[in-house]
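Here are a few exercises on ligand sites and backbone oddities. Try each one yourself, then check the worked solution.

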Amino acid sequence: MANIVIVGTQWGDEGKGKIVDLLAADANIVVRFQGGNNAGHTMVVKGEQIISHLVPSGILQGKTCLLGNGMVVDPEVLIGEMDYLAEKGIDTRPEKIKISSRAHLIMPYHKALDQAREKKKGAGKIGTTGRGIGPCYEDKAARSGIRFADLIDPAGFREKVITVMDEKNFILEKYLGADPLDPEDVIATYGRFAERLAPYVANVSVLIDDGIHAGQQVLFEGAQGTHLDIDHGTYPFVTSSNVVSGNACCGAGVGPGQLTGIIGIAKAYTTRVGAGPFPSELFDDIGDRIQKKGAEFGATTGRRRRCGWLDMVILKNAVRLNGLTGLTITKLDILGGLDTINICTGYEYRGETIAHFPADLSILADCQPIYETLPGWSEDISHIRNRDDLPVNTLAYLNRIEELARIPVDIISVGPGRNQTIIVNHPFRQG
Ligand code: GDP
Ligand code: IMO
Ligand code: MG
């Protein structure tokens, strides 16, 4: 039996949704363990595009989908997403979806605070998704968060909302110059959400444990990417949760011994949405070409994604931090047609070569990428289904990534569709 974690290795949008949807065919349970609707995971099945923000990407395969305690969940968005999926004929009944009673609720004041703070920061803003993610995780750490267990207890919920909103309205109005919110409106609206969501609330940790004991396979779906991790990313230009594989345990309620494989998803190049350092960013025609050909627009906010060459300093960082057992390279098709392709193998800082990602952003700002140049390929590879059939220069690019990362490329994605995939080594079908 295998229990596999999928994580992003870069700054998000690596194609996690596509790969989770694909691998979910061999899983019984798919669990999200962190983040919220800052995520946008795209699946393309039979030409139809479906984007999920909260519900795990296993839902299209009809699997049991769990929202773990490590998530921050906006109930309005969740209900909207379940309705959107149901309209497409997807089963979203409580038999299929469960939310941890320990997951935190994103409240209207979290969104108001997120947006008002970004506005106040002006040019120094983080470029958050504005979905209230940071303020919700702050409340969790401050022990003033509100959880699904509270939502379904009306008396307790009222008391908590009134106490917390007293402080939030003070900050919104007096410090941020934003409009205060009416606690009675919030209580009434969330009361309606509670009625709809109560049948979905469960002890997710116990459900996973029961599943594992019954011989079921679990797929853990990460959101964001390793370099948006609150501890290991480009702080403060990060999200507010731990994104790395270790948090699959805390955020879902399982022990590390249950995890059998960790797959890191990496785009064949690099993208980033929002502000923050990006050493291999391209500001030329090649960057524009990748952005256009790759349709690099955020799946959540529609913002144009910044594009650059594959950065092996960050990819190697992700291999170490997540204990990756294998890599998936996505969007390899997008690099076709370039004469040459660069791989960033290190950074030059004041005449010295840096092999590891520095914590200090002022050092990072002075780092120049060191590139190795490989020949490109002109062939369309989107129809290829065997690694050996790839053009020789595409194979050389993959071989070099494996050599530098020191782990194998198990899956190669050559298009957005479920079938546009080359599986070299299936994580659920070992031995
Ligand atoms: P996620 O957040 O990691 O799930 O990634 P997103 O869904 O935000 O962004 C990835 C985008 O790339 C989506 O539009 C996918 O449909 C698309 N995609 C994924 N894999 C491939 C691929 O191999 N080739 C191409 N051309 N598109 C892909
Ligand atoms: P998926 O799961 C790309 C970025 C935001 C911003 C920073 C903080 O689709 O890969 P937040 O709203 O989390 O406080 O924003 O993190 N960000 C993402 N970028 N993909 C994501 O998710 C992201 N989730 C957050 O753009 O820079
Ligand atoms: Mg995304």
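The exercises below go through the two ligands and then the backbone.

This is a predicted model, where local features need pLDDT of at least 70, side-chain atom pairs count only at pLDDT 80 or more, and totals for chains, interfaces and linings use all residues. Residues are numbered from 1 along each chain as written, chains are lettered from A and ligands numbered from 1 in written order, and side-chain values use heavy atoms, with hydrogens and water left out.

**Exercise 1.** Work out what surrounds ligand 1 and which domains it lies between.

Solution.
- Start with the shell: 20 residues lie around ligand 1, with K16, G17, T42, D333 and S413 nearest (near means a heavy atom within 4 Å).
- Next, sort that shell: 5 nonpolar, 8 polar and 7 charged residues. Asp, Glu, Lys and Arg count as charged, Ala, Val, Leu, Ile, Met, Phe, Trp, Tyr, Cys and Pro as nonpolar, and the others, Gly among them, as polar.
- Now bring in the domains (bounds from an automatic or database assignment). Domain 1 (3–100 + 201–258) and domain 3 (266–423) both give residues to the shell, so ligand 1 lies between them.

**Exercise 2.** Find polar contacts of ligand 1, then say how much of its area the protein covers.

Solution.
- Look for N or O pairs within 3.5 Å. A nitrogen atom of ligand 1 is 2.8 Å from a side-chain N or O atom of D333.
- On the oxygen side, a backbone N or O atom of G40 sits 2.8 Å from a ligand 1 oxygen, and a side-chain N or O atom of R305 is 3.1 Å from an oxygen of ligand 1.
- Then the cover: the protein hides 92% of the 580 Å² of accessible area that ligand 1 has on its own (Shrake-Rupley, 1.4 Å probe).

**Exercise 3.** Do the same for ligand 2: which residues are closest, and which polar contacts turn up?

Solution.
- Of the 21 residues surrounding ligand 2, the closest are D13, K16, H41, T129 and T239.
- Sorted by class, this shell has 8 nonpolar, 10 polar and 3 charged residues.
- Oxygen atoms of ligand 2 pair with a side-chain N or O atom of T129 at 2.6 Å, a polar side-chain atom of H41 at 2.7 Å and a polar backbone atom of G40 at 2.9 Å.
- The protein covers 97% of the 550 Å² that ligand 2 has on its own.

**Exercise 4.** Track down the unusual backbone spots around P236 and R350.

Solution.
- Keep the baseline in mind: most residues other than glycine have a negative phi, and most peptide bonds are trans.
- Y235 and P236 are joined by a cis peptide bond, with omega about 10°.
- R350 isn't a glycine, yet has a positive phi of about 45°.

Notes:
A polar contact is a pair of N or O atoms within 3.5 Å; within protein, one must be able to donate a hydrogen and the other to accept it, and residues adjacent in sequence count only if both atoms are side-chain atoms.
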